[in-house]
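Dear colleague,

I am handing over the structure we spoke about, with the sequence beside it. Please keep it open while you read the notes that follow.

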Amino acid sequence: MGADFFGVADLSTAHEAIVAQGGPIVAAFPRAVSIGFGLLHAIVDRLPERAERAVAINYRHHAYDVINQRLDLLSSRVSSLVQREGFRVLPIPHRGE
């Protein structure tokens, strides 16, 4: 589905840390799926010039807003597929600054 990176993790050994960080609702899920997209090199290469307004705006839009939207849409699709197979799912969006 277009992702550049994908992984699945058994979270059972990190249960207490997950409760502490994400709470009991998140900790109720014994596995995690992680999905990622590589950022465009031409945008990342300009990060040393991020004090320039145009560079900062371009990074914010393409490497943050667009990628997060793609991640949200893909995680929704993957979550639907996993749920259809009979498993409980909880997609967690990344919205940190």
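F37 counts as buried in this predicted model, because its relative accessibility is 9% and buried means under 20%. The place of F37 is in the loop between β2 and α2, the latter spanning residues 41–44. If you measure from C-alpha to C-alpha, you should find F37 and A63 to be 9.6 Å apart in space, although 26 residues separate the two in sequence.

V8, which sits in strand β1 (residues 5–10), is to be read the other way: V8 has a relative accessibility of 58% and therefore counts as exposed, the cut-off for exposed being over 50%. Together with F6 and V33, V8 makes a nonpolar patch of about 310 Å² on the surface.

V33 also turns up in the account of the largest pocket, whose volume is about 1000 Å³. This pocket is lined by 27 residues, and those closest to its centre are A32, V33, L90, P91 and I92. As for the character of the lining, 19 of its residues are nonpolar, five are polar and three are charged.

Which elements each supply at least two residues of the lining of the largest pocket? They are α1 (15–27), β2 (31–36) and α3 (53–84), and α3 gives the largest share, with seven residues.

With best wishes

Terms used. Residues are numbered from 1 along each chain as its sequence is written. This is a predicted model: local features need pLDDT of at least 70, side-chain atom pairs count only at pLDDT 80 or more; totals for chains, interfaces and linings use all residues. Side-chain values use heavy atoms; hydrogens and water are left out. Patches are made of residues with over 30% relative accessible area and no salt bridge: like charges are joined within 9 Å, nonpolar side chains (Val, Leu, Ile, Met, Phe, Trp, Tyr) within 5 Å. Accessible areas come from the Shrake-Rupley method with a 1.4 Å probe; for residues, only the protein chains shown count as cover. A salt bridge is a side-chain nitrogen of Lys or Arg within 4 Å of a carboxyl oxygen of Asp or Glu. Helices (H or I, at least four residues) and strands (E, at least two) are DSSP runs, numbered from the N terminus. Buried means under 20% relative accessible area, exposed over 50%, partly exposed in between (1.4 Å probe, protein chains only). On a 1 Å grid over the protein atoms alone, a cavity is a set of points where a 1.4 Å probe fits but cannot get out, and a pocket is an open set with protein on both sides within 12 Å along at least five of seven lines; lining residues have an atom within 4 Å of a point. Grid points are joined across faces, edges and corners, and a volume is the space filled by probe spheres set on the points. Ala, Val, Leu, Ile, Met, Phe, Trp, Tyr, Cys and Pro count as nonpolar, Asp, Glu, Lys and Arg as charged, and the others, Gly among them, as polar.
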